[in-house]
Amino acid sequence: MSTTPDSRTALRICPLCEATCGLTLTIEGTRVTQARGDRDDVFSKGFICPKGASFGAADGDPDRLRTPLVRKDGELREATWAEAFDAVAAGLRPVVEAHGPHAVGVVLGNPNVHTMAGALYPPVLLAGLGTRSLFTASTVDQMPKHVSSGLLYGDAHAIPVPDLDRTDHLLLLGANPLESNGSLCTAPDFPGKLKALKARGGTLTVVDPRLTRTAKLADRHVAIRPGTDALLLAAMAHVLFEEDLVDLGDLAPNVLGVEELAAAVREFSPEAVAGACDVDAGAIRAMARELAAAPTAAVYGRIGSCTVPHGTLASWLVDVLNILTGNLDRPGGALFPLAATDKTPRPAGPGRGFALGRWHSRVSGHPEAKGELPLSALAEEIDTATPEGSPVRALIVVAANPVLSAPDGDRLDKALDSLDFMVSVDPYLNETARHADVVLPPPPPSQAPHFDFAFNAFAVRNQVRYNRAAVPLEDGRPAETEILARLTLAATGMHGADPSAVDDLVIGQTLGKAVKEAHSPVHGRDPKELAALLTGESGPERRLDMMLRLGPYGDGFGAHPDGLNLERLLAHPHGIDLGPLQPRLPQPLKTVSGRIELLPAPIADDLPRLRTALRERPDGLVLIGRRHLRSNNSWLHNVPTLTGGTNRCTLHIHPEDAARLDITDGDAVRIKGAGGEVTAPAEVTDGVRRGVVSLPHGWGHDRPGTRMSHAALDPGVNVNQLLDGSLLDPLSGNAVLNGVPVELARAGATL
């Protein structure tokens, strides 16, 4: 690639989706003018998708805020950074002192896991505040998988991923990785890996109500009725037991509850579930037999199987099938990644286990899961008084837009206006941030370092990569890490302290704990001596160096001279390949028994609800969402190169349903749900099954007071406004977004 005399190149891991592809950026002055795939990247090997190719446009979006905004006389106005943090301290601390820490809510959005700052500082903020009012995007996405993993393995973060490069048989449910690039399965070039599976003679089965791009690639596409994934999976488990196809293999010594599970799924025969799932019983039996017969196999379920009434049960049954066929924790099956910044592996043995419902939401009594309350409950926690406890009176929102991403955005929109104080960390004045009293805009991604703390823990190959900022920070502009450190100090009564105090505190606490752990490579050493050995140009880099040194591949602060540290990682700008995933059991298990607990009590207690679903048949149309390759929730609709074409907010409807309702392609259609009504253009297509309609997630950019000029030109509609927030998976608190009843009519007709 040619460059001009004034241009240069720099490496950058793409932060725009979970695939974490390596990019080579062309930079002219301080502007990113081009992005292409890094062919030498040890993980992505040059793969790039349209989002990555548009990195420069997203990075240089003129609507990105560059200075803080502070509300004065009811209007948000530009302010200095000092004024902004003074306002944060003045707004938050009185709420804490008058009403207690739980009166301050914290909302964390998906982009947090795509930045170093978002991974390193919110845990410190939450610990310092001591609030239980935590709401994140996980409860409109993946919380069922965390809960099922916690119950099975004792650790909500122990999520096995499909070994895509070596499996012979892959069963996908509610996943469309050719559009989404994967989720809770970090895999650059997911499409290429699926094509390679087929090229080596493997089998791909896709369960999805839509004929997605991924489904078109499949050997078998099962157009299931939305929301019935758990029934289908339970029936497959039934067949494995009934036909004596269960073979735990090497897993057997590590598994408890096989006989109890057999009894629990006895009622879910293929014939019993066929009507509810609208899938032929013979096809279900064939899928189970094919799974059991494959030399290696993996079952993988994602958002379509999580955002349904039985999301936790479906997530649990995904792993149950992997376990019953002996495919958990073996090459070609589903394995537990081992990231470079994971904690030092402890010896195998019993752990504390995983608990649900340690506290409950104040209004509806929703149990916490993994320390979080349902995002669907945020509005009522703000606008509803109860005899006990204070409503949420102040809110810290970091990289989140729940007005669009949570059910019933209209109610939340009003609730946010009633807060005593709100601070938003966001590069845009979006539908949520417009309510803030202070907006703290982070710099664009080219001006930030990048390390994937979260996604490496779900990667299909162990590897480690790190980029320093490709472009220097603008004069006077703090890094995102400094912004969140100063926010933490302002919120916890330490306003004005040096931001480095946050990093020093974490380093001191982490090393102080590590030297006391018998299995740690630094057991018995002096924490201050270890801290002095850390390298890096900043507090965040010193923390990264510490985590690498203490991690499973680390140098142990000299205990393993050939091990990993920051200096060694910087010497490998394209990353370090740490090898394919390896069997790890029983080490990851943290259950009280020290074994996989196949039928945990909360799961067993929820199965009667699934038995009730055997008799359910929706009479009318049901709604599902969809994702676009050139989008990621509501983040990227302001980037012109990522809008238009097929990336449109239309209502997909099957031709037979359209004909029955007298709807033609392009008609404006009113869609009514429990939470409200929206109008969207119809797109008549046989890509969605009969009885199902589909609207994409993340649209609805038509509210006043935002500064997203391109998104406002084609705002679309907010699909989540059709939901009233009352439908939740009870175990995880995850919002039910798919399979919900709706009514349709042409605009002007009566519903």
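Q: How many disulfides does the structure hold?
A: A disulfide is a covalent bond between the sulfur atoms of two cysteines. By the cut-off used here, a disulfide is a pair of cysteine sulfur atoms within 2.5 Å, and the structure holds zero of them. Cys 306, for instance, is in no disulfide, and the nearest cysteine sulfur, that of Cys 185, is 13 Å away. Please keep in mind that this is a predicted model, in which local features need pLDDT of at least 70 and side-chain atom pairs count only at pLDDT 80 or more, while totals for chains, interfaces and linings use all residues. Residues are numbered from 1 along each chain as its sequence is written, and side-chain values use heavy atoms, with hydrogens and water left out.

Q: Is Cys 306 buried or exposed?
A: Buried means under 20% relative accessible area, exposed means over 50%, and partly exposed is in between (1.4 Å probe, protein chains only). Cys 306 has a relative accessible area of 1% and is buried, and Cys 649, with 11%, is buried as well.

Q: Which class does Thr 612 fall into, and where is Thr 612 found?
A: Helices (H or I, at least four residues) and strands (E, at least two) are DSSP runs, numbered from the N terminus. Thr 612 is found in helix H24, which covers residues 601-613, and at 36% relative accessibility Thr 612 counts as partly exposed.

Q: How far apart in space are Ser 138 and Ala 735?
A: Their C-alpha atoms are separated by 9.6 Å, although these positions lie 597 residues apart in the numbering along the chain. Ser 138 belongs to the loop between strand E7 (134-136) and helix H6 (143-153), and Ser 138 is buried, with a relative accessible area of 13%. Thr 612 and Ala 57, in turn, are 555 residues apart in sequence and 50 Å apart in space, C-alpha to C-alpha.

Q: How many cavities of 30 Å³ or more does the structure hold?
A: Rolling a probe the size of a water molecule over the atoms shows where empty space is left. On a 1 Å grid over the protein atoms alone, a cavity is a set of points where a 1.4 Å probe fits but cannot get out, and lining residues have an atom within 4 Å of a point. Grid points are joined across faces, edges and corners, and a volume is the space filled by probe spheres set on the points. The structure holds six such cavities, and the largest has a volume of about 780 Å³. Of the 48 residues that line the largest cavity, those closest to its centre are Asn 110, Pro 111, Ala 399, Pro 427 and Trp 635.

Q: Which elements supply at least two residues of the lining of the largest cavity?
A: They include helix H2 (55-59), strand E6 (104-108) and helix H17 (402-405).

Q: How many aromatic pairs does a search of the whole structure find?
A: A pair of aromatic rings is described by the distance of the centres and the angle of the planes. Rings of Phe, Tyr and Trp (its six-membered ring) pair if their centres lie within 6.5 Å, and planes under 30 degrees apart count as stacked, over 60 as edge-to-face and the rest as tilted. The search finds four aromatic pairs, and one of them, Trp 81 with Phe 85, is stacked, at 6.2 Å centre to centre and 25° between the planes. Both residues lie in helix H3 (residues 81-99), four residues apart, about one turn of the helix, and both Trp 81 and Phe 85 are buried.

Terms used:
1 Å grid on protein atoms, 1.4 Å probe; cavity = no way out; pocket = protein on both sides within 12 Å on 5 of 7 lines; lining within 4 Å.
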